[in-house]
Number of protein chains: 2
Amino acid sequence: MRADARRNRDRILEAARDVVAERGKDAPMELIARRAGVGVGTLYRRFPDRGGLLAALAEQYVHELMDALDRTAADEPDAWAAVRAFVLYSVEQGRGAIAAALAGTSAPEARQALVRRVDDLVRQAQAEGAMRADAGTDDIMELLSVFACHPGVVPQRFLPLMLDGLDRR
Amino acid sequence: MRADARRNRDRILEAARDVVAERGKDAPMELIARRAGVGVGTLYRRFPDRGGLLAALAEQYVHELMDALDRTAADEPDAWAAVRAFVLYSVEQGRGAIAAALAGTSAPEARQALVRRVDDLVRQAQAEGAMRADAGTDDIMELLSVFACHPGVVPQRFLPLMLDGLDRR
DNA sequence: TCCTAAGCGGAATATCGCCTTCCTCTTCTA
DNA sequence: TAGAAGAGGAAGGCGATATTCCGCTTAGGA
């Protein structure tokens, strides 16, 4: 693959990430192309169909979250703090929208790996008595989706409240 | 107005309430008509434009919430319990979607009245020390919208957690 | 430097879903 | 029972997006 082609592929993926976060997975292809500073033709050359684009996006996204998880797990003092930080980070990035848009879509195995990692932390947080026991990993993952379609100020306000609700009772 | 016309008007409003709750305020007019067991023509005869329909919907909606508020305020033992019950009821009804769809739309004066009533309860709940003081009426109203676009099981799971997050810390 | 395959842009075309109108048939009600 | 009001839904129009196609540009090896 030629160098410029590679560069454009990366740009497209980057643009798609933002646009999908803003407008959902049905966002106009032309918007993505424009955002990437590229013609629609180029977009279609790289990703002949929307599905392929979303799949690539999903994979990249899961890996990013994975990295974020590693980082917070290392930086935070305990498991519950790490979970909180992870959720806040993910939603702040506005990437939750991608999770929602992509839920059920491709890359299920990568997602599985992520879920397993979150699950480890959650169990640990509960074992340490910091997180209420009647909620679980599914709730955390769902949380990312729930706040996905509310960009801007809403998550910033509610997510902390929501996480307080998950504290040990 | 002829009796059948009146009957259809009511049916349309009822159908619109459900459809808007499911698909947002841009839901296809034909879907609303079909749901009401009526032709599109009839829908357009009663509500020449979408705005009129939404306005009627908003007014009806606010009144329903008003009634719900009165009921819970009377039934529940204290103000905070009433607020919780009100929120849970509203979202369970799936009407939150309408609130979201209609936010900013018509019937601002009716909405004002509702907000004022909620505000009374919230202040009382905080005065009684049952609700955390760093959250307010705006948060409660926003709550209705936040869970609006997540019909089904999600609110049932998260709303209680969210409300726990609003408990006195 | 030159050649050419790969790549690019974006106008043009095809599709699709929804809005809105309008005309004919039906139903109230005085 | 007449006639005004109402109902239904096919038809036409419109805007937005997907997708193709082809002439022009460029990277990069010989």
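UniProt, in an unreviewed entry, places a feature named "DNA-binding region" at residues 28–47 of chain A. In this predicted model, the span is 70% helix and 0% strand. Its end C-alpha atoms lie 14 Å apart. The UniProt record also places a second feature, "domain: HTH tetR-type", at residues 6–65 of chain A, again from an unreviewed entry. That span is 80% helix and 0% strand. Its end C-alpha atoms lie 24 Å apart.

Chain A as a whole has nine helices and zero strands. Read along the sequence, the pattern is α-α-α-α-α-α-α-α-α. Chain A has 169 residues, of which 37% count as buried. Among contacts in chain A with a separation of 6 or more, 71% join residues that are 24 or more positions apart.

The surroundings of the DNA come next. DNA strand C is surrounded by 22 residues. The closest are A:Asn8, A:Gly39, A:Gly41, A:Thr42 and B:Ala3. Both chains supply helices here. From chain A, α1 (3–23) and α3 (40–46) each supply at least two residues of the surface near DNA strand C. From chain B, α1 (3–23), α2 (29–35) and α3 (40–46) each do so as well. The largest share, four residues, comes from α3(A). By class, this surface near DNA strand C has nine nonpolar, five polar and eight charged residues.

DNA strand D is also surrounded by 22 residues. The closest are A:Ala3, A:Met29, B:Asn8, B:Gly39 and B:Gly41. The elements that give two or more residues to the surface near DNA strand D are α1, α2 (29–35) and α3 of chain A, together with α1 and α3 of chain B. Here α3(B) gives the most, with four residues. The residues of the surface near DNA strand D divide into nine nonpolar, five polar and eight charged.

One residue shows the setting between two of these helices. B:Val38 lies in the loop between α2 and α3 of chain B. With 19 other C-beta atoms within 10 Å, B:Val38 is partly exposed; a buried residue would need 20 or more. Beyond residues up to four places away in sequence, B:Val38 touches B:Asn8, B:Arg11, B:Ile12, B:Ala33 and B:Leu43. One of these, B:Asn8, is also among the residues closest to DNA strand D. B:Val38 and B:Arg9 are 29 residues apart in sequence, yet 9.8 Å apart in space, C-alpha to C-alpha.

The relation between the two chains was then examined. Two copies of a chain are related by a rotation about an axis and a shift along it. For this pair, a turn of 179° and a shift of 0.1 Å along the axis lay chain A on chain B with an RMSD of 0.1 Å. The two copies are therefore related as by a two-fold rotation axis. Of the residues of chain A, A:Gly165 comes closest to this axis, at 1.9 Å (C-alpha).

The chains also touch each other. In total, 14 residues of chain A are in contact with 14 residues of chain B. On the side of chain A that touches chain B, α8 (137–146) and α9 (153–166) of chain A are the elements that give two or more residues. The largest share, eight residues, comes from α9(A). This side of chain A divides into eight nonpolar, two polar and four charged residues. All of the interface residues of chain A, 100%, are also interface residues in chain B, so the copies meet through the same surface.

Helix α9 of chain A holds A:Met162. A:Met162 is buried, with 22 other C-beta atoms within 10 Å. Leaving out residues up to four places away in sequence, A:Met162 touches A:Leu143, B:Leu161, B:Met162 and B:Gly165. With its neighbours within four places likewise left aside, B:Met162 is in contact with A:Leu161, A:Met162, A:Gly165 and B:Leu143. A:Met162 and A:Leu13 are 149 residues apart in sequence and 32 Å apart in space, C-alpha to C-alpha.

In soluble globular proteins, nonpolar side chains tend to be buried together. The largest nonpolar core of this model has 82 residues. Six of its members touch the most other members: A:Val83, A:Val87, A:Met162, B:Val83, B:Val87 and B:Met162.

Note on methods
Residues numbered from 1 in each chain as written. Chains lettered and ligands numbered in written order. UniProt positions renumbered as here; feature names shortened; annotations may be inferred. Near = placed C-beta within 6 Å. Nonpolar A, V, L, I, M, F, W, Y, C, P; charged D, E, K, R; others polar. Buried ≥ 20, exposed ≤ 12 C-beta atoms within 10 Å, placed from the backbone. Contact = placed C-beta atoms within 7 Å. Core = buried A, V, L, I, M, F, W, Y, C linked by C-beta atoms within 7 Å. Least-squares fit on C-alpha atoms with pLDDT ≥ 70 in both.
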